[in-house]
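Trainee: Could you take me through one part of this structure slowly? I'd like a close look at the places where the protein opens up or wraps around something.

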Amino acid sequence: MGNYFQKEIECASREQIVAIQNEKLVSQVKRVYENVPYYRAKMDEKGVKPEDIKSIEDLHKLPFLMKSDLRDAYPYGLLGKPLSECVRIHSTSGTTGRRVVAFYTQHDIDIWDECCARALVAAGASKDDVVQVAYGFGLFTGGAGLNGGSHKLGSLTLPMSSGNTERQIQFMIDLNATVLCCTPSYAAYLSESVNERGVKDQLKLKAGIFGAEAWSEEMRKSIEEGLGLKAFDIYGLTEISGPGVAFECEEQNGMHINEDHFIAEIIDPDTGEVLPDGSVGELVFTCIDKEAFPLIRYRTRDLCSLSRVPCPCGRTHVKMGKLMGRSDDMLIIRGVNVFPSQIETVLIKNGYAANYQIIVDRVNNSDTFDVNVEITPDMLSDTTMGISEREKHLVNDLKAMLGIKAAVHIVEPKSIARSEGKAVRVIDKRKF
Ligand code: DLL
């Protein structure tokens, strides 16, 4: 068992957690009904009154909110507090349609910072650590969230933001950073750059807190080796606050959801029916004590499962498994469901780095499916296997994993753009 930031709540009994959730849910629903006309209309439409919600057993009676609701209500329609009580906004990158703008009161920021502090402590950090925050700062929640958590903990915080890799490495070495926070794809890029410069032995890193995008277990191993640290997953989304909605403990096998603030459900994405623990489905969150942006039954479109198997770390909050990706990340190629993370698993198992791109198109009414992956410098010097042999090998392994055939192209080292934030792995030309 490790340390905790807020032991009493992180290790509370199930009865205590349920009691907190019941109380907070009942008052949150009342508050939202009174203060958010948009959600009141949804509840009225479904014939649900605040009095019908007496405990978390009644949660399923409440209407869902979807991303489209956030767009319809943009920008102020879901505000739970007057603007004068709000102190900040964050926003999603929103490549299509309107952006999502989330609001925060000071109370909301305090909760969020605490959630991120819990994540840092779970990764082994304390006030004696030096935390390098290499998530982007600004509208993106990554930088602000981990920065706030690190402050709360009292660690020395390096608010680097993402990018400027040379300077990141310099600070990491000169200021003895012990904890690195960034996206897994940027961590992989930093690892590559550190090893190219031959400075790994000058690093003091012991832990990394990597999230904001899907990453495979194989990628975890390769980052851990490359940077000499233990890599922890962290999950969150702007609509619900940002990073720290859930975080991994030393067991590194799933993320504890901060259940004193967020109630999680897994639903069948087609029917909306609530599924039992262990089933894979769409993750839905209810914020039970957020003030400014109090989303209820928000459908994340993220696919995973929940587990209540007791965790040896001592934390009692429910765990979500690694995300399979967003339901809208899932590609349907020739009628088969394909997740980029499955491709990543095959590539890394075969010794490649996570430098790949998936290109899908439609030619003469049939889908084309190409995977470009960089050869590593080690492979280049190994003459026992030629390029076409390597490609054939990957085609077979991908077919075994996915059930369909991809055209694999091994490309030169450094020919695929590196990412400093969330990586763009898929180019689906069928959508244009
Ligand atoms: O990515 C918040 C965040 C920042 C989380 C830093 C962790 C670390 P958004 O930009 O709103 O917020 O994107 C949210 O990213 O719905 C997931 O699809 C995906 N995502 C977030 N964390 C993970 C993760 C931030 N650990 C969307 N694994 C979410 C897989 C993740 N996907």
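Mentor: Sure, and keep in mind that this is a predicted model. Let's begin with the second largest pocket, which has a volume of about 660 Å³. Its lining is made up of 24 residues. If you want to find the middle of it on your screen, look for E192, A353, N355, T376 and P377, which lie nearest the centre of this pocket. Three helices each give two or more residues to the lining: helix 8 (184-196), helix 9 (217-227) and helix 11 (377-381).

Now colour the chain by domain. Domain 1 (1-327) and domain 2 (331-428) each supply at least three residues to the lining of the second largest pocket. As for chemistry, that lining is a mix, with 10 nonpolar residues, seven polar ones and seven charged ones.

Next, the ligand. It has 20 residues around it, and D233, I234, T238, D302 and R326 are the ones that come nearest. Zoom in on a few polar contacts. D302 places a polar side-chain atom 2.7 Å from an oxygen atom of the ligand. K422 also uses its side chain: an N or O atom there is 2.8 Å from a ligand oxygen. With E213 you should look at the backbone instead, where an N or O atom lies 3.2 Å from a nitrogen atom of the ligand. On its own the ligand has 600 Å² of accessible area, and the protein covers 94% of that.

Which elements build this shell? Helix 6 (141-153) and strand 7 (230-236) are the ones that give two or more residues to it. Strand 7 has the largest share, with four residues. Sorted by class, the shell around the ligand holds nine nonpolar, six polar and five charged residues.

Before you close the viewer, check two spots in the backbone. Most peptide bonds are trans, and most residues other than glycine have a negative phi. Between Y74 and P75, though, the peptide bond is cis, with omega at about -5 degrees. You'll find P75 in the loop that runs between helix 4 (67-72) and strand 1 (86-91). The other spot is R297, which isn't a glycine but has a positive phi, near 45 degrees. R297 sits in a loop as well, between strand 11 (281-287) and strand 12 (298-304).

Definitions and conventions:
Residues numbered from 1 in each chain as written. Predicted model: local features only at pLDDT ≥ 70, side-chain atom pairs only at ≥ 80, totals over all residues. Heavy atoms only, no water. 1 Å grid on protein atoms, 1.4 Å probe; cavity = no way out; pocket = protein on both sides within 12 Å on 5 of 7 lines; lining within 4 Å. Points joined across faces, edges and corners; volume = space filled by probe spheres on them. Nonpolar A, V, L, I, M, F, W, Y, C, P; charged D, E, K, R; others polar. Domains from an automatic or database assignment. Near = heavy atom within 4 Å. Polar contact = N/O pair within 3.5 Å; in protein donor to acceptor, adjacent residues only side chain to side chain. Areas by Shrake-Rupley, 256 points an atom, 1.4 Å probe, with all protein chains shown as cover.
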